[in-house]
Amino acid sequence: MRRTVLMIMLLLSLSVAAQQPERLQGHASLQDEPLNPLSFGLREAADAQQRYEILYTCHYEAFRQHRPVSYAGIDTIYLEIPFAAQPMPLTYNTDFAGVVIFVRNDSDKDVTLFSLDGEQPVKEIALDSRLLDSGDFRSVPEFQAGEYLLIASDRTVWTERIGFGYPVYRSDLLYISDGRALNKPVATYTTPSTKAHFVYVPVNTEPKIVQNITIHRGRYEKHKTYCFRFNNQNNITLRNVHISTPKTKFNADGAITLSNCANCTIQDVTIDSTYSYPGAYGYGVSMNNTWNTTFVRLKADGAWGVFGTNNVSKVTLRECDVNRFDIHCYGRDAYLVNCTFRNKQTQFSSMYGEVVFDSCHFIDCIPVRIRSSYNAYTPFDIKIRHCTFDATLRHHALVNVMLLSTEANPRQELAPRCWPNVYVEDLTVNLPFLTRKLEIIEPTGTLSECKKPVDYMQHIEINGLRTLRRGKPEYCDLYFSKRRFSTKELFRIDYKYVDLGGGRMINLIND
């Protein structure tokens with residue numbers, strides 16, 4: 001009888017619990033309750049190194065328990081990185097709540113402050129390279145259900161960077177959902193030269209949000225402090241971040257680094273300078289092997305170009321103000337909308353697909369420069385729509401094709417010397433005093449290469465171009481190119497609605 005009563009009470013309690021989901025929700029809300037460094041003794045820390053250790057413990061526990069982190073109630077933190085320090089792991093939701101961090105690194109090595117790495121290690125897998133072009137992986141048991149990042153790499157050298165003495169290898173990132181890839185590689189892996197190698201990692205669609213922080217890096221330090229690193233991740237948003245860097249002895253910066261990441265958004269980020277100086281590189285944003293990355297209202301400058309990227313597919317910049325956007329080698333599809341570029345250039349090599357500028361402003365900046373050092377001239381199109389170009393004595397060409405090597409690239413895919421098609425719509429060119437010329441294509445460097453017919457290029461189309469000075473029409477001569485060259489394909493120049501203030505249109509091609 002007693003056993004029967006106990007069983008009835010147990011069943012009743014289960015029934016009540018089933019009818020009151022808020023009890024179960026209470027457990028879930030406990031998991032969603034953020035951890036705060038104040039609860040780990042931040043205010044009682046003895047010194048700046050102990051503060052780092054307390055922050056690390058807080059972040060580690062949040063990562064281990066799958067809990068968010070909040071810095072609510074914390075205004076300013078002074079940190080000194082201790083010896084043997086590790087990056088603080090980020091969790092799926094980290095709200096720094098407007099905290100200002102001053103960090104100094106006199107430890108034994110360069111350190112990244114915050115990192116978010118894949119929760120599972122990558123696994124090797126054997127695949128038929130033709131699957132990458134079809135995008136259909138439903139025949140592969142590992143990919144039939146769930147979300148995955150497939151990391152493809154080519155173990156045959158893609159090209160060699162002339163003058164720098166190192167080989168360059170390509171890689172691609174494919175996002176696979178329930179057996180189907182949402183994208184394709186930058187270039188096919190089915191060529192005879194390719195030796196493909198594949199690894200993959202499971203991911204999820206859960207948003208990962210990191211936001212609301214200012215980081216001031218120190219001046220006289222022994223080692224560098226990088227700020228954020230994201231690796232093997234999907235669906236990241238980094239927003240409302242300010243990174244400040246004084247002039248230092250350092251270079252080779254990577255303040256924000258993305259590697260093997262898909263569907264990432266960098267929003268409302270300001271980068272005031274980088275570890276770099278004239279002649280010594282350093283990047284505010286470093287990317288390698290990414291797909292579908294979006295930058296919104298990024299404002300960044302430095303002694304060097306703020307972007308340094310390789311193996312990048314589908315990148316978008318909106319409302320950004322930067323000194324340079326760059327894909328060093330191997331990329332496809334860049335969309336730059338309502339952006340301002342200052343004092344340098346956007347720069348590409350081994351680029352495919354299209355580079356589209358819409359409503360952008362170029363201030364003493366070459367809209368497109370094609371690098372010569374990789375000797376990789378691949379087919380792509382340039383589209384410039386509704387833009388403004390503030391030309392100068394040094395920068396008065398839309399596309400600068402740099403030339404260096406006189407030898408064809410030994411890799412079959414890169415043997416052709418492809419120059420881009422250019423499509424211009426509604427371009428305003430502001431001319432300074434004494435500048436009376438504008439070039440569409442400007443070859444520079446080893447100009448003897450202009451004697452060899454150019455591959456791929458077939459079209460230069462202009463539908464609306466005006467030259468102004470102080471808001472009034474200004475005389476300008478428009479050169480297709482000041483260097484005579486020819487194309488292998490039948491070439492067409494189509495100019496409509498071009499107002500040069502009485503200037504001439506001069507074409508030196510195939511004539």
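Me: How do strand 10 and strand 11 pair, parallel or antiparallel?
Reply: Strand 10 and strand 11 pair in the antiparallel sense, over 2 bridges. Ile-176 stands opposite Ala-181 in strand 11. This is a predicted model.

Me: What sits between the two strands of that hairpin?
Reply: There are 2 residues between the strands, and in this hairpin Asp-178 takes a positive phi near 50°.

Me: Which strand does strand 7 join, and by how many bridges?
Reply: Strand 7 (residues 147-154) is joined to strand 10 by 7 bridges, and the two run antiparallel. One of the pairings puts Glu-147 with Ser-177 of strand 10.

Me: Is strand 10 mostly covered or mostly open?
Reply: Mostly covered: strand 10 spans residues 171-177, and 6 of its 7 residues are buried.

Me: What comes after strand 11? Where is Val-186?
Reply: Val-186 lies in the loop between strand 11 (180-181) and strand 12 (196-203).

Me: Buried or exposed?
Reply: Val-186 counts as buried, at 2% relative accessibility.

Me: What is Val-186 in contact with, apart from its sequence neighbours?
Reply: Leaving aside neighbours within four places in sequence, the contacts of Val-186 are Asp-172, Val-312, Ser-313, Tyr-330, Gly-331, Arg-332 and Tyr-352. Val-186 is also 10.0 Å from Trp-291, C-alpha to C-alpha, with their positions 105 residues apart in sequence.

Me: Two tyrosines in that list. How are the rings of Tyr-330 and Tyr-352 placed?
Reply: Their centres are 6.5 Å apart and their planes are at 75°, so the pair is edge-to-face. The pair links distant parts of the chain, with Tyr-330 in strand 21 (residues 329-337) and Tyr-352 in strand 24 (residues 351-358), 22 residues apart.

Me: And are those two tyrosines buried or exposed?
Reply: Tyr-330 counts as buried at 1% relative accessibility. Tyr-352 counts as buried too, at 10%.

Me: How many aromatic pairs are there in the whole structure?
Reply: A search of the whole structure finds 26. Among them is a stacked pair, Phe-228 and Phe-230, at 6.3 Å centre to centre with 5° between the planes. Both of these phenylalanines are buried.

Me: Which aromatic cluster are they in?
Reply: One that Phe-228 and Phe-230 form with Tyr-71, Phe-96 and Phe-114.

Me: What else does Phe-228 touch?
Reply: Beyond neighbours within four places in sequence, its contacts include Leu-90, Phe-96, Thr-112, Phe-114, Val-210 and Ile-256.

Me: Now the cores. How many residues has the largest nonpolar core?
Reply: It has 103 residues, and those with the most contacts inside it are Phe-114, Phe-228 and Phe-341. Strand 15 (residues 254-272) gives the most to this core, with 8 residues.

Me: Which residues are in the second core?
Reply: The second core is separate and has 26 residues, including Leu-127, Ala-152, Trp-158 and Tyr-330.

Me: Why would residues like that end up together?
Reply: As a general matter, nonpolar side chains tend to be buried together in soluble globular proteins.

Me: Changing topic. How many disulfides?
Reply: The count comes to 0.

Me: Why is Cys-58 not bonded?
Reply: The closest cysteine sulfur, in Cys-227, is 19 Å from the sulfur of Cys-58, which is too far for a bond. Cys-58 is buried, with a relative accessible area of 0%.

Me: And what about Cys-264?
Reply: Cys-264 is in no disulfide either, and its nearest cysteine sulfur, that of Cys-261, is 4.6 Å away. Cys-264 counts as buried, at 1% relative accessibility.

Me: Which charged ends sit over rings?
Reply: One case is Arg-217, with its charged end over the ring of Tyr-275, 4.1 Å from the centre. Another is Lys-482, over the ring of Tyr-479 at 5.2 Å from the centre.

Me: What is the order of the open sheet of 7 strands?
Reply: The order is 20-23-26-29-31-34-36, with parallel pairing. Strand 20 (326-327) and strand 36 (505-506) stand at the edges with a single partner strand each, so one side of each is left without a neighbour in the sheet.

Me: How is strand 36 joined to strand 34?
Reply: By 2 bridges, running parallel, with strand 34 covering residues 477-479. Leu-478 has Met-505 of strand 36 as its bridge partner.

Me: Last one: how many helices and strands in the chain?
Reply: The chain has 4 helices and 36 strands. Of its 511 residues, 54% count as buried.

Definitions and conventions:
Residues are numbered from 1 along each chain as its sequence is written. This is a predicted model: local features need pLDDT of at least 70, side-chain atom pairs count only at pLDDT 80 or more; totals for chains, interfaces and linings use all residues. Side-chain values use heavy atoms; hydrogens and water are left out. Rings of Phe, Tyr and Trp (its six-membered ring) pair if their centres lie within 6.5 Å; planes under 30 degrees apart count as stacked, over 60 as edge-to-face and the rest as tilted. Buried means under 20% relative accessible area, exposed over 50%, partly exposed in between (1.4 Å probe, protein chains only). A charge sits over a ring if NZ of Lys or CZ of Arg is within 6 Å of the ring centre and within 35 degrees of the ring normal. Two strands pair if DSSP finds at least two bridges between them. A nonpolar core is a set of buried Ala, Val, Leu, Ile, Met, Phe, Trp, Tyr and Cys residues joined through side-chain atoms within 4.5 Å. Contact means heavy atoms within 4.5 Å. A disulfide is a pair of cysteine sulfur atoms within 2.5 Å.
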